[in-house]
Amino acid sequence: PKPAAPNATSETFCPSEEQTLNASPSAPAGQIVEWYSAPHPSGFIATGNSFTILSVYSRRTLYYRFVDELTGCASDFAAYDIYVNPEVEEPNTDNIILCQNAIGQIDATAVEGDIVWYDTDGTTILETDLGNVGQLQVGPFPAAGVNTYFVQVNNGTCQSGLLPVLVTVASQPAPPVISGDTIICEGDEIRLRADDNGDGVIVWYRDRALTRELFIGNTIIRDPNVDRTFYVVRRNDTCQSEAVEVNITVNPKPEPPTADPQSICFGESATLEAVGSGGIIRWYSDPLGVDFWGSGDEFTTPPLSQYTPYYMIETDRVTGCKSDPGVTWVNVDNFTYVSSATVLDNPICVGQTTTIKVASTDLFSCVKLLDFNLNEIDEICLPDGGPSSSDAEWVANFEVGPFTDAGDYIFYVQESDGIFNCPSQQFSLVVTVVEKPANPIVTNDTICAGELATVTADNGGIGEIVWYYDAALNQQAGVGISFSTIAYSNRTMYVVNKS
């Protein structure tokens, strides 16, 4: 007898390259299943309880039957109806490009159904986004290259084919190398430069998140007055480097030093004492700090002849920051003159004295007489109750001598005002002392009363013979080596030899 026929079967598939058909029921023992494209022996395809068909994209009907292995008798054909669901459209997506160590997102949309994401092996599901919109976060990738992910649409019945999505990882530019001073002083300017050794442009940011762009370019110049931090990247058309953090430290500058002004006399030096913050103080003659004169808390000026300002700039010993200039000054009393000074009798003879007369127009002054070595001999000041302010001058008389030797004697007169006690320049005078001439040799004469008497004096031809009637030498009688007079009684004449 022929075997009983298998069941007529129908099955619905999703469109695919192949599907497996299974006999229902499976062939009983001693029988096999034969598959046909038509219900006729000429349509034989294959044998077996299962049969794989290819290119399942449209409806078709196959046939199968049981065949007894001993007798070769075959059952009637049973239809195997194959139905195919509508093909699911692949999702819409795009390849993306990422930088090394960056995180990116792949986007996909579908006409209908859920978005299913697969790993690079195409078999491991990474996630399923319900609805017709999906995103997959990918990265970071430590190395440059191409990574392939897969995506498909699942409408609850069938799935689309796996669509590859390429994630290209581009090489990250090298971070810029920053040069320039990052520790500055208050009020200074910073000048930072990024190297040119790399592809792309240099971008400076204010914040770590790189959202507040500050400047594009290799060199940045700023004058911050507080500590600042910049973030710098190298950016090309695809990627940017890791950010380099640049910290700017702004050190405060010291307060300007101070020093009390000084008043001095003409030609004197002044010592100025600065008060600062413990730094190094330098002294200058100009506020820009160009003409340097010395350093230290104390500074002694050179001899000065006029009002002179000095500027102090303090440098912090730790940070090196400089203060703004502080200023002080030296007032100079320009009392530089002696009103008038003369030697009353000059020259004089050995053993005599003379007077040096000083007439001052300064009604508040003192006058000093100095010797050749500038040692003080005497000082005369305007006496109490002296000349009034309406008087033109007052006089100081210094007696000098007697001198035991002939020669030129140099004296100096120096006047000082009575307000600042500043001395004038020394005014020099010369007293000339000469030797006395030798006493003349006198020849007396004896006559009768009423006769002419002639007396003579011999000085050896040196000097001048002068005759006097009195010993006080007040009544001069004549000049010459001889003198004649009529005498009626004894008479004494006095004769001197003048040089």
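Tutor: Before we start: two strands count as paired if DSSP finds at least two bridges between them. Also keep in mind that this is a predicted model.

Student: Okay! In which order do the five strands of the open sheet with mixed pairing come?

Tutor: The pairing in this open sheet is mixed. Its edge strands, E17 (183-185) and E20 (213-216), each pair on one side only, so going by that pairing rule you can start reading at one of them. Start from E17 and the order is E17-E23-E22-E19-E20.

Student: By how many degrees are neighbouring strands of this sheet turned against each other on average?

Tutor: For this one, ignore which direction the strands run. On average, neighbours in the sheet are then turned by 30 degrees.

Student: Which residue in E23 stands opposite Ile 183?

Tutor: Let's start with the strands. E17 and E23 (residues 244-251) run parallel and pair over three bridges. Opposite Ile 183, you'll find in E23 the residue Thr 249.

Student: There's a three-stranded open sheet too. Which residue in E10 is the bridge partner of Thr 93?

Tutor: That sheet has the order E8-E10-E13, with antiparallel pairing. Strands E8 (92-93) and E13 (133-138) are its edges. E8 pairs with E10 (residues 104-109) over two bridges, and in E10 the partner of Thr 93 is Ala 108.

Student: Now charges. Which residue meets Asp 195 in a salt bridge?

Tutor: Asp 195 sits in the loop between E18 (190-194) and E19 (201-205), and its partner is 39 residues away, in strand E22 (residues 228-235). Both residues of the pair are buried. The N to O distance is 3.1 Å, and the partner is Arg 234.

Student: Asp 324 and Lys 253 meet in a salt bridge as well; what is the N to O distance?

Tutor: This pair also links distant parts of the chain, 71 residues apart: Asp 324 is in the loop between E30 (308-315) and E31 (326-333), while Lys 253 is in the loop between E23 and E24 (258-259). From N to O, their side chains are separated by 2.9 Å.

Student: Why does Asp 324 count as partly exposed?

Tutor: Buried means under 20% relative accessible area and exposed means over 50%, with partly exposed in between. Lys 253 counts as partly exposed because its value is 25%. Asp 324 gets the label because its relative accessibility is 39%.

Student: Which side chain of opposite charge is nearest to Asp 286?

Tutor: Asp 286 lies in the loop between E27 (280-284) and E28 (292-295). Asp 286 is buried yet has no salt bridge. The nearest side chain of opposite charge is 11 Å away, and it belongs to Lys 322.

Student: Which backbone nitrogen does the side chain of Asp 286 reach at 2.7 Å?

Tutor: Careful, there's another one to tell apart: the side chain reaches the backbone nitrogen of Leu 288 at 3.2 Å. At 2.7 Å, the backbone nitrogen reached is that of Asp 291.

Student: Last one: which residue in E37 is the bridge partner of Lys 357?

Tutor: Lys 357 is in E34, where it stands opposite Thr 342. E34 (residues 354-360) is mostly covered, with five of its seven residues buried. E34 pairs with E32 (residues 340-343) over four bridges and with E37 (residues 394-400) over seven, both in the antiparallel sense. In E37, the partner of Lys 357 is Asn 397.

Notes: Residues are numbered from 1 along each chain as its sequence is written. This is a predicted model: local features need pLDDT of at least 70, side-chain atom pairs count only at pLDDT 80 or more; totals for chains, interfaces and linings use all residues. Side-chain values use heavy atoms; hydrogens and water are left out. Buried means under 20% relative accessible area, exposed over 50%, partly exposed in between (1.4 Å probe, protein chains only). Lys and Arg count as positive and Asp and Glu as negative; His and the chain ends are not counted. A salt bridge is a side-chain nitrogen of Lys or Arg within 4 Å of a carboxyl oxygen of Asp or Glu. A polar contact is a pair of N or O atoms within 3.5 Å; within protein, one must be able to donate a hydrogen and the other to accept it, and residues adjacent in sequence count only if both atoms are side-chain atoms. Axes are lines fitted to C-alpha atoms, for helices over the stretch in contact, and angles run from 0 to 180 degrees between N-to-C directions.
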